[in-house]
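Here is a short note to go with the structure. The points are numbered for easy reply.

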Amino acid sequence: MSRFSVMAAFTTRNLTMHSRDKTSWIALTLEDTNTVFIKPLARDIISRGISICELEYDLMSARIDARGIPIPEQANVGYQSLQPKVAPSRDLPTFETPERQHLAWSGKAETQGRGASLNELLQHKRPGRVILIGDDWVAEDVESLAADQDKTPPLILKSGYGSSPPMLPGLLRRPQPGTLLSWLMLNNGVEDVGLVVFSGGGDFNDEINTLHDCCHPPPTFRINAANQLSSITPVKELRLPRISIVIPSFNQANFIEETIKSIIDQNYPNLELIVIDGGSSDGTVDILNRYRKYFSVLLIEPDNGQSDALNKGFALATGDVMNWVCSDDLLEPGALHQVARAYMSTGADIIAGGCIRIGDTRQVELHRHHSAVELGKNLPLDPLDLLRFMRSWNSGAYFFQPEVFFTYRIWKLAGGYIKRHLHYAMDYDLWVRMALAGATIRHIAPMIACSRVHGLQKTQDDQKYLHQTRQIMKEYNSLFAVMFELEPLTSTETASDRSYNDEILSFTKHVNRRVEVIQTHLERLAARASETFDNIGEIELGNQITNLSSEVRDVKAQLLTQGHHAESAAGQLSMLQFWQSDNHERSILLQGRMASNAVPACLTELADAEFRVFSQWGEDGIIDWLVRSIPMPRHVFVEFGVESFKEANCRFLLQNRNWKGLVMDGSEKYMADLRNDKIYWMFDLDARPAFVTRENINELLEEAGVTGPIGVLSVDIDGNDYWVWESINCIDPAIVICEYNPILGDTQPISLPYSSNFDRFDGHHSGLYFGCSISALVSLAAKKGYSLVGTNSNGINAFFVRNDLLNHLNGKLEQITTYPSRHRDSRDENGQMAYTGGMNRIQQLADLPVVNVETGNSINIKDIVNPYSADWLRKMS
């Protein structure tokens, strides 16, 4: 059993002890001098913690078994058995914290005309753009506020979070595009803003706090219906707290100089920079010696890994605020001043900004990440939601390590150490301990840091870290179990209450054991990846799923017969009900996973990989085979034209491989329903209502924060597919899936003329007049640097791979095959199904125009000579 690594001593600052309240805290004392202080938790919360850790342990075990994830050589997967005890509050260390600054509106009470009020606003404007918040701005207002030297029109944004639902009420919620909060996160600061004006009578607390958390906030005003002006008085000048940065270093000569410069170029006057190098042999030490004058401490000696180096560094730190920056990561310009301002004006324990995922150089931006923690307020960090690693943390709702700064106070309350036996996830474990110690978090809008993605980094997509996060669950499960027994009787709890609660806990544990059996059976089906789908058999699988459904019903019935037990174990009941209602989806996902593993590595043609889980035809299997065969730059997909997303090309990719996704559809209702579906919180999915055109597609993608390299782009909008793909220039997908109209044949590169408001049933009552030919897509792909690798056998979607990645399919794909269609999705003039098929389909469209995309010439369909190749005619016969 491995031991926790702890720091040997406090820093030299003086600590004071006093009783703040009558509540007893839990002191988690280790085998050394370090103590973790845990805020008191109610017994039902502790019980939920036990259940969460057990379920997460099972989910991680299932993932490890199903994917055959090996134990990393560097990781010690032992765990520390925890021995907590009750600690009176007089033993709790307390620290001085900054006085929190409260912003409020102040200003004139007299009424003046609208024009006079707007003119007065312009007198306060500094150079930069005007931003107007609210829905009641009229054209005259906008024109008046644009009447300055640069004539830049004001930007009008909405207040609040829009219609975006909370992911976790009171803590996690992402603002919708078009809101000020969303714009602030994308804009990365407010120095280019000249004036912000709110319209209406609200307080706009989240917005003004987020604005003024930024350095150099703009003049901020509010104008109400009576044309009265009020303003926000800027916070008083704040002292700059000491910030300690620890750089753990080992053989990163390619990156460490850029890391150091990103920190010292901040020109932050109260910086303590500590470098701990484990004895690098690649030239790193020479670089460190060149910058030695900038370091408060430079320690070069062998260590036992990154966690050990961090403990050495933080043991020497004396800052009010601290963080570590890995030797391949960066700080963004101005980051330390942003953090200092947020800390001194809010007093929060944790300051979290944004983080940019970059490639080998800073110029290669892969993704811009922001936590989903609500902006503009200090919020308690929820330890139970952090412990939902597979169901919440992995969705991207929380942090990348370099974007999170923390106070010395919360560092000490959380034990003042990094667990040395953790090669992975040591930061995640620290955030959990800080949450248990009662940490408050402040989410600020600016980008704080860059996290580099490169081939030699420790954390990769192979998910080896799951072995250690699984052990973390075991440690906290043990902690919660002991805490449940240790919690002292309160004035409102009698011994009989304790006995009753113990009975409930015993029953809950019994339910957990039954749930574990069910989960094990379900995941065991997925783990049988070596068997082919045919060997498993749908009948056998169906019987097993039916038996498991019966088991769920039996456990639910037991809960219901327990009376008051069922009420107390409501969390378990809810979980079982969720599993029961979700049983069908689980079963088809398991079938899909088994079908995936039955697809051979080498194919005669792409259609040989087909199977269907959520896709309309066989796209699920083709996409899964392609992403297994080709290295993906980012596990991100974009799909538009998804309707309800119940039947879509990328849903299996989302749920089976945990990709991140952006989906768009013209129906507001479809997207609203999707945002209220459980899939929206279970996975990192962004659903946006938008009617996609070639004029707005790049703007929509940029507003969603999706730019640069991605994994998959899927285009299916039944009309302008060619023109929209042609216009896309802000993303660089590895794989493109695009719908074609097989009725238009395969010999001519033709498309319908572009129309921004195209609807397939407006073009022709049959609904058959849409899209472009497969030849048009092949022509466009060649211009954009892609090659066709095949279509599905139903003749509706074509698959393209970027040319620089084609070599990964050498020897795996014998031939490139395309297919016409045989489906008969046509309507008569009354809108009823007509079932028109074969050559009769193109004859219905004879007098309608198409455009040759290579020459630009327009012709009627009847004038196309031999639209179908001999191969397609044979396949259609």
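1. Start with one ion pair. The side chains of Asp-624 and Arg-628 form a salt bridge, with N and O 3.1 Å apart. Keep in mind that this is a predicted model. Both residues belong to helix α20. They sit 4 residues apart there, so about one helical turn separates them.

2. The two partners differ in burial class. Asp-624 has 3% relative accessibility, so Asp-624 counts as buried, the cut-off being under 20%. Arg-628 reaches 38% relative accessibility and therefore counts as partly exposed.

3. Asp-624 has a second role in the geometry. This residue is among those that line the second largest cavity. The space in that cavity is about 50 Å³. Over the whole structure, the search returns 3 cavities of 30 Å³ or more.

4. Which residues line the second largest cavity? They are Glu-619, Asp-620, Ile-623, Asp-624, Asn-649, Phe-652, Leu-653, Asn-656 and Arg-657. Two helices, α20 (619-629) and α21 (651-657), each contribute at least two residues to this lining. By class, the lining holds 3 nonpolar, 2 polar and 4 charged residues. Anyone placing charges around this cavity should have that split at hand.

5. A second salt bridge joins Asp-677 and Lys-646, whose closest N and O atoms are 3.3 Å apart. This pair links distant parts of the chain, 31 residues apart. Asp-677 lies in the loop between α22 (668-675) and α23 (679-682). Lys-646 lies in the loop between β22 (636-640) and α21. Is Asp-677 buried or exposed? Its relative accessibility is 18%, so Asp-677 counts as buried.

6. Another pair sits within a helix. Asp-871 and Lys-875 meet through their side chains in a salt bridge, at 3.0 Å from N to O. They are 4 residues apart in helix α29 (residues 870-876), which means a separation of about one helical turn. Here the acid is partly exposed: Asp-871 has 32% relative accessibility. The base is buried: Lys-875 has 15%.

7. How many salt bridges does the search of the whole structure find? The total is 32. Some residues are linked in a network of salt bridges: Glu-332, Arg-362, Glu-365 and Arg-368.

8. Next, a sheet. Three strands form an open sheet in the order β27-β30-β31, with antiparallel pairing. The edges are β27 (750-751) and β31 (858-860), each of which pairs on one side only. Strand β30 (residues 849-852) is joined to β31 by 3 bridges, and the two run antiparallel. In one of these contacts, Val-850 has Ile-859 of β31 as its bridge partner. In general, strands of a sheet pair through backbone hydrogen bonds, either parallel or antiparallel.

9. Last, a helix to check for burial. In helix α5 (residues 205-213), 8 of the 9 residues are buried, so the rest of the structure largely encloses this helix. Which residues of α5 are buried? They are Asp-206, Glu-207, Ile-208, Asn-209, Thr-210, Leu-211, His-212 and Asp-213. The buried set includes acidic side chains, among them Asp-206, Glu-207 and Asp-213.

Definitions and conventions:
Residues numbered from 1 in each chain as written. Predicted model: local features only at pLDDT ≥ 70, side-chain atom pairs only at ≥ 80, totals over all residues. Heavy atoms only, no water. 1 Å grid on protein atoms, 1.4 Å probe; cavity = no way out; pocket = protein on both sides within 12 Å on 5 of 7 lines; lining within 4 Å. Points joined across faces, edges and corners; volume = space filled by probe spheres on them. Nonpolar A, V, L, I, M, F, W, Y, C, P; charged D, E, K, R; others polar. Pairing = 2+ DSSP bridges. Salt bridge = Lys/Arg side-chain N within 4 Å of Asp/Glu carboxyl O. Buried < 20%, exposed > 50% of the residue type's maximum accessible area, 1.4 Å probe, protein only.
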